[in-house]
Every structure is written in C-alpha cells, then in structure tokens.
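User: I should like to go through this protein by question and answer, beginning with its overall make-up and then turning to particular elements. Please reason each answer from the coordinates.

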Amino acid sequence: FLVPSRIHAGKFYALPQAPQQYKQLLMVAGFDRYFQIAPCFRDEDPRADRLPGEFYQLDLEMSFVTQEEVWETMEPVIAGTFEAFANGKSVTPAGQFPRIAYDEAILKYGSDKPDLRNPLIISDVSAHFTQSGFGLFEKIVGGGGVVRAIPAPGTHEKSRKFFDDMNEWARREGFAGLGYVTRKAGEFGGPIAKNHGADRMADLYAELGLGENDGLFFAAGKEADAAKLAGAARIRVGEELGLIDENAFAFAWIVDFPFYEWNEDEKKVDFSHNPFSMPQGGLDALNGQDPLTLKAFQYDLVCNGYEIASGSIRNHMPETMVKAFEIVGLSKADVEERF
C-alpha cells in the first residue's frame, strides 16, 4: 500500500499489506487461534503515552470464543511478561485482573483507563444537594447536573493554601473551579460546609466513610464535565498526598463499553467506538432497546492509568451488522457498498 504522509507533503509510505483480512480468512477456514508478534507502523503524532509510529504488537484472532475466554488466555501472557521485567515491582496476578464496567469506571475514577494504584474513589453525592444552603450546587443538580466528591484523606494538617491551590489548578485546566470542604478534629471548614450545614455534612461524610480529619473536593456541572474534572482531581490529589503505589503494576479490564453515543454536533446517534463489534443482546437488542443504552462486547486492558490493549467480539452476523448501521443512518446498500 502507498499511504500519503500527513506531515510531509508529496511523500508516501510504502507499507506491506496488513494481515487483517488474511487472519480473518484463516478463522473462516477453520483455524481456531492466530497469534502474531509483529512490527507495526502508524502515521500518528507522538504522544506522552504512545511511541511515535513504530512498535511491536502482539495481535490475535480467536474463533468461537467469548470475551471471558480471551481474557483468560491473555492474562497469563501479560502478567508473565510484566513479571519478567518488573524489577521487583508487584504485578496483578493472572486470573485476578479486575473487570470494571465502563460506566462504573467513569463514575468511580473519572476515566476509562483508571490508575488502580491510587486508592481514592469518586462518589456521586448529587442527592445531598437537591435541597441545600449551598445554592450553586442546588442549582446545578436542579438543572440536571451532578456533584461528584473526591476524598482527600488525612489533610487536617494542610493549610487552606493546599485547597486553594487545587482550585486554581482546576481553573488552569479549563474548569470553572474545584469546591472543597476541610475537616479537622471533626470540625468542618470552608464556604460549602458553612452553607450546607454541619449536620448535612456529617451525613455526607458518614455515607462516604470519611473520618474527622479528612478533606473533600467537589466537581459539579454537566455529568461529562464533572466526571472529567473529578478524574483529573483524583489523580492530582493522589499525587499531592503521596497515595499512589509506585512499586506496582495494577491491571484491569474495562468492559461493557457503550455501543452508541449522541453526536451533539450532528444531532444524531453515532457509534461510540468500534462499529464492527457485536452489540450485547444482538439483533433483538438493536430492534427493541434504546440505542443509547446498548453495550458492546468491547474491552480495554489498562495498567497504571494507560490503555495497553483493546479488543472486541466481532459482529459476524450480516443482518445484525446492517441493523447496527441503519441506526446511525446508513442503509443496507450503503453498508454493502462501503464494507
């Protein structure tokens, strides 16, 4: 294949044929498993968490399997590889990789690639502010927004500057701000606690299992915005308080990704990730369920806050494939012509 470069005008890369079609033909031919370790090239800009273009990849195809069987096959490979090069750091053992639903990951960690070395858990506390003396949060919740809470354990000896600096950091990151409550020897401090009331704050702390010397940060707004800020704040607080275990590789599978999402710009339903993966529930779900509630047989493997692998169960049913694309506005003729 001749692939034009995005950054060198008039230049092309000469790349070999990708094995995608060939390995799928092997599956159709009756081979049950295919594994390859191969050099890959992608014409992508380098990122902090991704090498610039060239890398080696372990790729696989497996026929007639469930996603659970894929995970059970890969965990010993991944764990064993890391153990061989971990230099004494702990590695999540094969067979013990947590499986976290996408929605749960976004709620508890504010990210679909959570760093599980960080013990902090985000909580939705919107119900505590439906009626509150703190008018801003009450207004946000009343308008359909949410309030997410990020614990800051053992911060009774931190000065107010620590909390104000966190608020300024959030603003530099492009958010409206990060609310907070301080607590020292059971005494609450800060404008949120003052207006919400000590008794209500005590109820909220009891629900979250927080102690008399723990602080609390708040991210409020539209759900997606609040989740993003809460996730970033969770990382920041964990780093500032030295809570992240630097001597561990913590793995998890992120599962049950949404199959569709709402495209606000085009005012239509669109695919969230891989359109060729199998929707959970198959054709019956496509015909009878709200598209925005559908989950896909898609999964990512994450480690220490980075996505290191991804996969899916392919949609191998033509009728199901056509219906999946009809929901986003493509006809059967469109699908047959394009794919």
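The exchange below concerns a predicted model.

User: How many helices and strands are there in the protein, and what percentage of its residues count as buried?

Analyst: The C-alpha trace spans about 70 × 50 × 45 Å along its principal axes. Among contacts between residues at least 6 apart in sequence, 63% join residues at least 24 apart. There are 11 helices and 17 strands, and of the 339 residues the share that counts as buried is 40%.

User: Is strand β8 largely enclosed or open to the outside?

Analyst: From β8, V146, R148, I150 and A152 point one way, while V147, A149 and P151 point the other way, and all are buried. This fits a general rule: in a regular strand the side chains alternate between the two faces of the sheet. Since 7 of the 7 residues of β8 (residues 146-152) are buried, the strand is largely enclosed by the rest of the structure.

User: Which residues stand opposite A149 and R148 of β8?

Analyst: Strand β7 (residues 123-124) pairs with β8 in the antiparallel sense over 2 bridges. β8 and β11 also pair in the antiparallel sense, over 7 bridges. The residue opposite A149 is S123, and the one opposite R148, in β11, is A219.

User: Which strands stand at the edges of the open sheet of 4 strands?

Analyst: This sheet has mixed pairing and the order β6-β13-β16-β17. Each edge strand has a single partner, so one side of each is left without a neighbour in the sheet; the edge strands are β6 (99-101) and β17.

User: What angle does the direction of helix α3 make with that of β6?

Analyst: Within the sheet of order β6-β13-β16-β17, neighbouring strands are turned by 25° against each other on average, direction ignored. Helix α3 (residues 102-109) packs on this sheet and touches β6 and β13; the angle between the directions of α3 and β6 is about 85°.

User: In β17, what is the bridge partner of Y299?

Analyst: β16 and β17 run antiparallel and are joined by 6 bridges. Y299 has its bridge partner in β17, and that partner is G311.

User: Is N304 buried or exposed, and what is its relative accessible area?

Analyst: N304 is in the loop between β16 (298-303) and β17 (306-312). Although N304 is not a glycine, its phi is positive, at about 55°. The cut-off for a buried residue is under 20% relative accessible area. N304 is therefore buried, with a relative accessible area of 11%.

User: Where does D256 lie, and what is its relative accessible area?

Analyst: D256 is not a glycine, yet it has a positive phi of about 55°. The residue lies in the loop between β13 (251-255) and β14 (260-263). Buried means under 20% and exposed over 50%, so D256 counts as partly exposed, with a relative accessible area of 24%.

User: How do the buried residues of helix α7 lie around its axis, and what arc do they cover?

Analyst: The buried residues of α7 (residues 198-208) are M201, L204 and Y205. They are placed on the same side of α7, because the arc they cover around the axis is only 100°. In general, an α-helix has 3.6 residues a turn, so residues three or four places apart point the same way. On the other side of α7, the exposed residues are D199, A206 and E207.

User: Against which elements do the buried residues of α7 pack, and which residue just after α7 takes a positive phi?

Analyst: The packing partners of the buried residues are β9 (179-184), β10 (187-189), α6 (191-196) and β11 (215-221). Just after α7, a positive phi of about 75° is taken by G209.

User: Which residues form one aromatic cluster, and over the face of which ring does K158 lie?

Analyst: A search of the whole structure finds 22 aromatic pairs. One aromatic cluster is formed by F259, Y260, F271, F276 and F325. K158 lies at 5.2 Å from a ring centre, over the face of F162.

User: How many Å apart in space are S5 and A84, C-alpha to C-alpha?

Analyst: S5 has its place in the loop between β1 (2-4) and β2 (12-14). At 12% relative accessibility, S5 counts as buried. S5 and A84 are 79 residues apart in sequence, and their C-alpha to C-alpha separation in space is 37 Å.

Notes
Residues numbered from 1 in each chain as written. Predicted model: local features only at pLDDT ≥ 70, side-chain atom pairs only at ≥ 80, totals over all residues. Heavy atoms only, no water. Phe/Tyr/Trp six-rings, centres within 6.5 Å; stacked < 30°, edge-to-face > 60°. Lys NZ or Arg CZ within 6 Å of the ring centre and 35° of its normal. Buried < 20%, exposed > 50% of the residue type's maximum accessible area, 1.4 Å probe, protein only. Pairing = 2+ DSSP bridges. Axes fitted to C-alpha atoms, helices over the stretch in contact; angles between N-to-C directions. Contact = heavy atoms within 4.5 Å. Arc of directions from axis to C-beta.
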